[in-house]
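Here are my notes after a pass through this one, in the order I would look at things. Have the viewer open while you read.

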Amino acid sequence: MWRATRGALRPLFSALSCDAAAMSLAAEPCGRSTAAGLLARTGELPTTWKRLYAALPAGITEEDMAALTDVRNIGISAHIDSGKTTLTERILFYTGRIHAIHEVRGKDGVGAKMDSMDLEREKGITIQSAATFCRWKQTHINIIDTPGHVDFTIEVERALRVLDGAILVLCSVGGVQSQSITVDRQMRRYDVPRVAFINKLDRAGADPWKVIRQMREKLRLNAAALQIPIGHEDSLRGLVDLVERRAFHFEGSSGEQIVEVPIPADLQAEVEAKRAELIEHVAEVDEELAEQFVLEEPIDGDMLAAAVRRSVLSLKFVPIFMGSAFKNRGVQLLLDGVHDYLPSPLDVNNFALDLGKAEEKTLLPCSRSGPLVALAFKLEEGRFGQLTYMRIYSGKGTVRKGDSIINQTNGKRIKVPRLVRMHSDELEDIQEASAGDIVAMFGVECASGDTFCDANTTLAMTSISVPEPVMSLAVAPKARDQSANFSKALNRFTKEDPTFKVAMDPESGQTIVSGMGELHLEIYIERMKREYKVECEVGKPRVNFRETITRRAEFDYLHKKQSGGQGQYGRITGYLEPLPEDHPTKFEFENGIVGNAIPPTYIPACEKGFREAVNAGALIGHPVEGVRVVITDGAAHAVDSSELAFKLASLFAFKQGYERAAPTILEPIMNVEITAPSEFQGNIIGDVNRRKGIIQGSEQEGDDVVINAHVPLNEMFGYSTGLRSMTQGKGEFTMEYQAHMPVTADVQAELTSQYRTARAAGNK
């Protein structure tokens with residue numbers, strides 16, 4: 001596009017006068033000087049920094065700029081087994097936070113620093129997000145390492161909610177995989193600027209250019225490489241920096257020595273071609289660089305770096321770094337990129353809700369002179385009390401140990417008993433924390449998503465998006481004397497993890513736990529055994545079905561009961577109708593009565609009755625969603641009407657209308673990605689079809705085929721064993737929740753029959 005327009009636009013740009021001062025901003029790279037140091041030495045910040053932050057909201061002071069320009073709050077996210085935890089281990093080593101490198105899976109008896117749980121070290125996966133902090137050159141970096149398995153997606157969700165930037169790690173062999181797409185969607189939801197790191201370049205079959213194509217096609221990202229590798233697969237020796245046109249080798253036993261070398265002669269042409277491609281992608285979204293590009297002016301490293309940073313902060317470009325964390329290649333250059341291109345707390349617009357103005361959305365500057373606003377985003381129950389992770393968005397002065405703060409959710413005043421910084425499972429006591437910090441409080445009772453503020457503030461942060469559980473299990477302790485510990489474990493896990501739900505089946509009396517998948521629930525049952533010494537009896541996994549209606553239906557119900565003394569009387573008329581698919585809520589109640597056919601004091605009781613009614617549908621007793629209830633008329637009795645009467649009338653009115661509204665059952669559909677050698681493609685597709693799945697597409701990747709399909713969760717139990725036997729142990733798959741969709745007529749008849757049989761047996 002740019003090559004075609006370059007000649008036509010050159011006279012136009014040549015005629016424009018260029019402000020030399022404005023051009024100096026583009027020439028001086030953002031993020032490469034230490035603002036705090038300059039302010040301390042000279043009492044003055046550089047003019048480029050003042051210009052860079054001129055557009056930020058009022059309330060940001062020079063002290064804020066000095067304190068926060070060199071702070072980065074980042075997360076490391078990816079598909080499972082892309083090397084996130086290995087990368088974090090190298091970052092901690094090169095920044096001096098740890099003094100020896102240990103590998104994932106704990107083969108050396110130690111394990112990676114960020115995998116502090118025994119289960120994590122045994123299984124070689126991250127189960128809980130872990131926080132740490134380090135310093136790279138002049139930059140203070142707070143890091144949260146998140147799980148890659150889809151069952152633990154809430155850990156990624158709440159980490160991204162409070163972070164300013166992220167590193168999206170991709171495997172150079174696997175490329176963009178299912179959880180990569182989920183993580184990218186979460187980053188978009190919270191407007192998180194990111195850089196990408198293509199890892200595992202040392203592996204056989206590594207192809208970073210294939211991964212970049214997938215990022216552009218599957219994730220629809222404007223992305224380009226900032227580096228190219230020197231060497232291929234097991235001969236990977238170093239990297240060429242395209243921005244500065246400099247080449248580096250990584251030497252020493254742990255790659256700690258970065259040696260600048262001449263760019264190899266056989267790579268010169270590729271370096272220039274890839275640099276031109278980088279400039280073209282950035283110029284499409286950055287006006288200043290576009291002007292230089294169209295005029296065919298030389299673009300030096302500083303100018304290009306400044307343009308890349310502007311494009312990243314505006315969420316229009318994703319720069320791509322490369323390397324191999326396991327082989328200690330490229331990690332230090334990635335850290336430079338974190339400083340140069342990812343935002344400081346000052347660069348990000350955070351919004352709060354002003355409770356004093358009907359929850360009006362308010363821009364919240366990250367200022368140390370503003371009101372205290374902090375969000376509790378993660379809880380952990382330990383031996384010594386609750387540990388509350390929180391991000392401080394704004395703060396008048398600092399939060400100090402012993403200060404009194406307000407929990408905005410319940411209005412309670414609490415005293416800060418102990419403040420700590422987290423280094424995986426280690427606590428480092430601190431006396432105070434300020435805006436932009438990620439810290440933890442010990443011994444404070446609160447819930448995930450609560451906002452803390454000072455007494456004069458009515459601001460609250462928006463909550464974190466929590467997905468609905470898709471799978472349930474019946475669990476019970478094997479021994480009666482373990483019941484107390486069983487209850488303690490469930491209370492702790494539900495508090496820590498919003499996607500882990502516990503309920504009591506009213507018919508069987510069993511304890512039902514719900515979660516995001518088989519592994520999710522399996523981990524919690526294993527944790528009960530290890531941490532609470534509770535052996536559990538586990539029932540067969542159950543799918544969390546839903547019910548809904550497919551057409552509008554009227555209801556007109558009179559609840560009348562007389563048994564001596566005051567009776568019960570309530571009549572309700574109205575209709576049910578399906579909500580649109582993209583509606584933000586699953587149930588909506590509307591009072592459409594003109595006049596006082598039902599006295600206004602009874603309307604809340606009507607709504608309460610309808611809300612109770614949708615908790616269990618008539619088909620299989622599962623929750624009903626996607627329904628709007630509108631009441632249009634009714635009648636009340638001067639003596640016999642009451643809140644209870646109208647609540648009961650609402651319950652029966654819903655059942656009456658529900659039967660007429662052609663109800664149907666919804667089942668969770670999973671997005672399944674299967675990778676296996678090509679010779680097994682026919683068997684796999686045939687098996688997916690037998691499981692009532694729909695093939696969405698397949699593509700060839702070397703000798704393997706990657707098949708994407710939508711399959712009902714109810715058909716996926718035991719699939720891992722089936723896939724192994726079909727592919728001689730060479731196939732693997734991942735799945736994530738896609739949506740709830742209607743079941744077929746035969747499945748609905750079968751489920752309904754099973755439900756009625758179970759109820760009849762229970763009533764005997």
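1. I'd begin with the pair H17 and H18, bearing in mind that this is a predicted model. On the H17 side, the residues making the contact are Ala605, Cys606, Lys608, Gly609, Phe610, Glu612 and Ala613, and they meet Glu643, Phe646, Lys647, Ser650, Leu651, Ala653 and Phe654 of H18. Sorted by character, this contact has 8 nonpolar, 2 polar and 4 charged residues.

2. Now the geometry of that pair. H17 covers residues 603-613 and H18 covers 643-660; their axes lie 7 Å apart and the packing angle is about 40°. The pair therefore counts as oblique, the cut-off for roughly parallel being under 35 degrees. As for handedness, H17 passes H18 in a right-handed crossing.

3. Next, H15 (residues 483-496) and H16 (residues 518-532). Their axes come within 10 Å and cross at roughly 125°, so H15 is oblique to H16 as well. The crossing of H15 past H16 is right-handed.

4. Who touches whom there? H15 contributes Asn485, Phe486, Lys488, Ala489, Leu490, Arg492, Phe493 and Glu496, while H16 answers with Tyr524, Arg527, Met528, Glu531 and Tyr532. The split for the contact of H15 with H16 is 7 nonpolar, 1 polar and 5 charged.

5. A third helix pair to look at is H12 (residues 287-294) with H13 (residues 301-313). The axes are 9 Å apart and the angle is about 140°. That angle makes H12 oblique to H13, because roughly antiparallel starts only over 145. From H12, the contact uses Glu288, Leu289 and Gln292; from H13, Met303, Leu304, Ala307 and Arg310. By class, the residues of this contact are 4 nonpolar, 1 polar and 2 charged.

6. Then there is H6, residues 84-94. How many of the residues of H6 are buried? The count is 11 of the 11, so H6 is largely enclosed by the rest of the structure. The list is worth reading through: alongside Leu87, Ile91, Leu92, Phe93 and Tyr94, the buried residues include Lys84, Glu89 and Arg90, and also Thr85, Thr86 and Thr88. Have a look at the backbone just after H6 too, where glycine 96 takes a positive phi of about 85°.

7. On the strand side, I'd pick out an open sheet of 3 strands. The order is E13-E12-E24, with antiparallel pairing. Strand E13 (360-364) and strand E24 (459-461) are the edges, each pairing on one side only. From one strand to the next, the twist averages 45°.

8. Within that sheet, take the pairing of E12 with E13. Strand E12 spans residues 350-354 and is joined to E13 by 5 bridges, the two running antiparallel. If you want a residue pair to centre the view on, alanine 352 stands opposite threonine 362 of E13.

9. Finally, the whole chain. The protein chain has 764 residues, and 55% of them are buried. Its secondary structure comes to 21 helices and 38 strands. Counting contacts with a separation of 6 or more, 72% are between residues 24 or more positions apart.

Technical notes:
Residues numbered from 1 in each chain as written. Predicted model: local features only at pLDDT ≥ 70, side-chain atom pairs only at ≥ 80, totals over all residues. Heavy atoms only, no water. Pairing = 2+ DSSP bridges. Helix = DSSP H or I, 4+ residues; strand = E, 2+ residues; numbered from the N terminus. Axes fitted to C-alpha atoms, helices over the stretch in contact; angles between N-to-C directions. Parallel < 35°, antiparallel > 145°, perpendicular 65-115°, else oblique. Left-handed = near helix turned anticlockwise from the far one by under 90°. Contact = heavy atoms within 4.5 Å. Nonpolar A, V, L, I, M, F, W, Y, C, P; charged D, E, K, R; others polar. Buried < 20%, exposed > 50% of the residue type's maximum accessible area, 1.4 Å probe, protein only.
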